[in-house]
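Trainee: I should like to go through the terms used for this model and ask what supports each of them.
Mentor: Please do; we shall set each value against its definition.

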Amino acid sequence: MHRSAHQDTFARDNLPPLDQWPELVFDLPALRFPERMNCAHELLDRWVAQGQGDRGCVIGGDGRGGELRWTYAELQAQANRIANVLVNEMGVVPGNRVLLRGANTPQMAACWFAVMKAGAIAVATMPLLRAKELGQVIEKARISHALCDEALAGELETARAQCPVLARVCLFRSEAADGLEALAERQSERFDNVDTASDDCALIAFTSGTTGQPKGTMHFHRDVIAICRCWPVHCLRANADDVFIGSPPLAFTFGLGGLVLFPLSVGASTVLLEKASPDVLLPAIAKHRATVCFTAPTSYRAMAAQAASHDLASLRKCVSAGEALPAATRQLWKDATGIELIDGIGATELLHIFISHTEETARPGATGRPVPGYRARVVDDAGRDVPAGTVGKLAVQGPTGCRYLADDRQGQYVRHGWNLTGDAYLIDADGYFVYQARTDDMIISGGYNIAGPEVESALLAHPAVAECAVVGVPDEERGQLVKAFVVLKPGTAGADDEAALVKAMQDFVKATIAPYKYPRAIEFRASLPRTETGKLQRFRLREA
Ligand code: 3UK
């Protein structure tokens, strides 16, 4: 490791032992990193230094119902002022952890860059987290400072009462005399970035995992740049004229990459929306003439149904991640907009997407092939490659990889130097990786292995199905029974005769995939339980 710029050595002290790290591979010329590197320079300051400071950079709400539009120079000035507040007013020293809490806004992005510039470590948290969960994160990452959107201050104040380690909180998007805007106003718009080592920790991202204590994943300055040089360059292929937009929170690395890092890495602009449900995202795409969209499969499905009433002609690239993309959803979006979705599997542990494809190489039902810079295999329990067409565990290596902050579960995610994502996959005859299920979501019924998402894909093609989830529920005779939870489209004909609808859906599935996979039980629901990152919470349906 290189000489750290961190005075507070907590992050380095709590990395997993080296022999538990995944093997890191830097196989592309673009992945040879210098010893010193601050990612804020690469993504933000560099453009201003190159005379591009007047280019549009970030657009979003100002917190008072108006709109902010910052150029690269303006975002830099704001980030510099906030970095000065962190250092001069709040006493942040390099290596301190700074909690960031807010909806997606320009000011939230400025705070993130300020933390990078100050050589501190950003811990962005999901807006919906409650005091109890915030407290776990604060304790686990020993967070001493926080920048928090005033609108979300309540839960943080409650958490703080239980967490003496959190010494200083400053509220942003605030009119208060001691609010961040007032403090930043008094600071210089110049700041000399802390000269971090490329392997100094830049962020700790907590997993959106649904069970147990949250896990913090540690990523370095060079990791932030590494992800910008892999998937965006080889799969997304955006450019400086693009306008990015989308829904994932910046606290979710899918959102951080897609809505901040990737646009800025190519000199493009980005629209940050505080709320980005399908009914908000659609008009926002039209209003901002957005060209690149990031959201989850279910959001594309919902937007496809309403696409005709919006002008989406500006869109040229649409990215789906977070959950498997059903072939039916890919088709719906293509029919509605003419756009072939780019699917990609990413993980918080690997920071971003590692298997994906371009529009030209998209294959319905498959996630794609390893992104240049990454390698992937499908292995059995002993870590040996399984033959093509056989389901096994996905194993990945690349320039980024899993390093849990002081966590025994490191050994579960990293085995023999490979990251095991917890996904069951197969590789088809052409080398495409085909998602099956989360390994713990595979259904074993009557001796058959059944992947819930495959049954979901089949059901989703039924005209009455808006959303669905398929899980295994305990069954005396079969071990597990395939059960579907279905949300009907509004105004479905025949919805009053449930038995007939169930039978029709079962027959529909049997006609599309192997009949033994059909859902023997179907329950209708008004909605399905999801995480803030849009993931289906299958465990909650199994418990029900
Ligand atoms: C699942 C997918 C099938 C898969 C993420 C893009 O989702 C992200 O990170 P998380 O840590 O979850 C990781 C897990 O989510 N998954 C994600 N994408 C897909 N399954 N097809 C997909 N396209 O189980 C994976 O192990 O929340 C996604 C970028 C950054 C991310 N953090």
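**Terms and their grounds**

Mentor: The domain assignment of the protein chain in this predicted model gives domain 1 (72-220) and domain 2 (448-543). The C-alpha centres of domain 1 and domain 2 lie 41 Å apart.

Trainee: What makes W21 and F220 an aromatic pair that is tilted?

Mentor: Ring centres must lie within 6.5 Å, and planes count as tilted when they are neither under 30 degrees nor over 60 degrees apart. W21 and F220 are 6.0 Å apart centre to centre, with 55 degrees between the planes, so by these cut-offs the pair is tilted. W21 lies in the loop between α1 (10-13) and α2 (39-49), whereas F220 is in strand β8 (residues 216-220), so the pair ties together parts that are 199 residues apart in sequence. The structure holds 14 aromatic pairs.

Trainee: Why does W21 count as buried, and why does F220?

Mentor: Buried means under 20% relative accessible area. W21 has 11% relative accessibility and therefore counts as buried; F220, at 1%, counts as buried.

Trainee: Why is the pair of Y404 and Y413 called edge-to-face?

Mentor: Planes over 60 degrees apart count as edge-to-face. The planes of Y404 and Y413 stand at 80 degrees and their ring centres are 6.0 Å apart, so the pair is edge-to-face. Both Y404 and Y413 are buried.

Trainee: What makes R403 a charge over the rings of W21 and F220?

Mentor: CZ of Arg must be within 6 Å of the ring centre and within 35 degrees of the ring normal. R403 is at 4.7 Å from the ring centre of W21 and lies over its face. R403 also lies over the face of F220, at 3.7 Å from the ring centre.

Trainee: How do you know that both faces of strand β11 are covered?

Mentor: In a regular strand the side chains alternate between the two faces of the sheet. In β11 (residues 292-295), V292 and F294 are buried on one side, and C293 and T295 are buried on the other. F294 also belongs to a cluster linked by ring pairs, together with W231, F244, F252, F254 and F262.

Trainee: What makes β11 a paired strand with β9 and with β12?

Mentor: Two strands pair if there are at least two bridges between them. Strand β9 (residues 243-246) and β11 have 3 bridges in the parallel sense, and G246 has F294 as its bridge partner. β11 and strand β12 (residues 317-320) run parallel and are joined by 4 bridges, with T295 opposite S320.

How values were computed: Residues are numbered from 1 along each chain as its sequence is written. This is a predicted model: local features need pLDDT of at least 70, side-chain atom pairs count only at pLDDT 80 or more; totals for chains, interfaces and linings use all residues. Side-chain values use heavy atoms; hydrogens and water are left out. Helices (H or I, at least four residues) and strands (E, at least two) are DSSP runs, numbered from the N terminus. Buried means under 20% relative accessible area, exposed over 50%, partly exposed in between (1.4 Å probe, protein chains only). Domain bounds come from an automatic or database domain assignment.
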